[in-house]
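Good morning, colleagues. Please take a moment with the sequence and the structure before I begin.

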Amino acid sequence: MFENFDIRSWQVDWSAVLIASAVLVAALLVAYLLYRALFALVGKLTALSASETDHIVVDRMRAPVKWSVLAIAVTIAAEQNALLGSLWEPFARFLRPALLGWIAYTLVKGFSTALELRLEHTEDPVAMRSRRTRIAILSRTATIAIVVITVGLMMLGIPGVRDIGTTLLASAGFAALAIGAAAQPALKSLIAGLQMAITEPVRIGDLVVIDGHTGRVEEIKMSFVIVRTWDERAVIIPTDQFLDDGFENWTRRAESLSGPVFLHLDPIADIGPIRQEFTRFIEAHPLWDKRTVSVLVTEAYPESVEVRMAVSANTVADLFNLRCAAREHMIAWLNEHQPEALIRHRLEVPGGTDKAPEPGEP
């Protein structure tokens, strides 16, 4: 039973082995020299280029191209030598699609990295966010497709798997319907992610308001979007929710925004001096971008009036800080110059303490 495992009983044609080894070594040596010559020429060409993209792509392609050239050399040698072909072909079925997938994956990663580096020199923040979003979504989609196709081609190298696949083709229609129904949420998210990459309703870095959360878009995946709020919470929002339910994008066109400061005052308030003081304070503030400054009485109630003070700034953060500073300043100014304009609600109880004097009373 174990006679076949006895090495002494094996009959080896050592001359054929030596010939196959010599052919293999010669093929690998020639392929390696060709690889070195090719990348020496490519290196000289990229040295003449001022773009960083060429250098990044070439550096990433060195390893997969080297092993692919060696694999091609072994394949050519195996076609000339039967012994080498019988040993090489079972491995080549898996190795060839793996090398092709490696090259495609490296190309996608190299170009995406190079494009992201080029974005650092872009002065327009809106254009930078737009391109970064497209690069992230499209490169991730291409990577998933490459991995799936590569694994599928490698699995087809197994005879049993190939036979099963041929048998299943007869019921492919029913299988497609079943898979489509089961994968509907995943396909919906995939299509939503591609649609966001093409139409760009939201981009990485945009300030959005969705589902009651306000924050910056930190990452855009195929199935969800991560929104980082001001208190550093990471809110996970499904991708299709942006397209189905709608949202607010505060930085769609540019970072510069206008925002209000609301004050609810007594109807006796003198609006003229309030408008003058607010305008003086905003015009002297370094965060104001010199676009918008206004004071309007937007509502009048029986016991109060609503005063809207509008300001503008170059960025969302500057606008927030400017609004806070204006609100604090105007409340302090009213306390000092128009205390009667601040609303007070008092309750007098019989037998209680005396009422505090009104401002200006002895």
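A residue is called buried when its relative accessible area is under 20%. Asp 289, with a relative accessible area of 13%, is therefore buried. I should add at the outset that this is a predicted model.

Let me stay with Asp 289 and its charged partner. The side chain of Asp 289 meets that of Arg 291 in a salt bridge, at 2.6 Å from N to O. Arg 291, in contrast to the buried Asp 289, is partly exposed at 45% relative accessibility. In general terms, side chains of opposite charge can pair when their charged atoms come close.

How many salt bridges does the structure hold? There are 5, and I shall describe two others. One joins Arg 280 to Glu 277, with the closest N and O atoms 2.6 Å apart. These two residues are 3 residues apart in helix α9, so about one helical turn separates them. Glu 277 is buried, at 12% relative accessibility, while Arg 280 is partly exposed at 45%.

The other joins Arg 228 to Glu 218, and here the closest N and O atoms are 3.0 Å apart. Arg 228 belongs to strand β3, residues 224–229, and Glu 218 to strand β2, residues 213–220, so this salt bridge ties together parts that are 10 residues apart in sequence. Both ends are partly exposed: Arg 228 has a relative accessibility of 31%, and Glu 218 has a relative accessible area of 34%.

Those two strands lead us to the sheet. Five strands form an open sheet in the order β4-β3-β2-β1-β5, and their pairing is antiparallel. Which strands are at its edges? They are β4, residues 234–238, and β5, residues 248–249, each of which pairs on one side only. Strand β1, residues 207–210, is joined to β5 by 2 bridges, and the two run antiparallel. In one detail of that pairing, Val 208 has Asn 249 in β5 as its bridge partner.

I turn now to the interior. The largest nonpolar core has 27 residues, and those that touch the most other members are Leu 265, Ile 274, Phe 278, Ile 282, Met 309 and Leu 334. At least two residues of this core come from each of β6, α9 (271–283), β7 (288–300), β8 (305–313) and α10 (316–337). Helix α10 gives the most, with 7 residues. Apart from this core lies another, of 15 residues, including Ala 136, Val 235, Ile 237 and Phe 242.

Leu 265 deserves a closer look. It lies in strand β6, residues 257–265. Is Leu 265 buried or exposed? At 2% relative accessibility, Leu 265 counts as buried. Leaving aside residues up to four places away in sequence, its contacts include Ile 274, Val 307, Leu 334 and Ile 343. Val 307 is 42 residues from Leu 265 in sequence, yet their C-alpha atoms are 7.4 Å apart in space. Phe 278, with the same exclusion of sequence neighbours, touches residues that include Val 293, Met 309, Val 311 and Met 330.

Finally, the surface. Leu 29, Tyr 32 and Leu 33 form a nonpolar patch there, with about 300 Å² of accessible area together. Tyr 32 is found in helix α1, residues 14–47, and is partly exposed, with a relative accessible area of 35%.

Thank you for your attention.

Note on methods: Residues numbered from 1 in each chain as written. Predicted model: local features only at pLDDT ≥ 70, side-chain atom pairs only at ≥ 80, totals over all residues. Heavy atoms only, no water. Helix = DSSP H or I, 4+ residues; strand = E, 2+ residues; numbered from the N terminus. Buried < 20%, exposed > 50% of the residue type's maximum accessible area, 1.4 Å probe, protein only. Contact = heavy atoms within 4.5 Å. Core = buried A, V, L, I, M, F, W, Y, C linked by side-chain atoms within 4.5 Å. Patch = residues over 30% accessible without salt bridge, like charges linked within 9 Å, V, L, I, M, F, W, Y side chains within 5 Å. Areas by Shrake-Rupley, 256 points an atom, 1.4 Å probe, with all protein chains shown as cover. Salt bridge = Lys/Arg side-chain N within 4 Å of Asp/Glu carboxyl O. Pairing = 2+ DSSP bridges.
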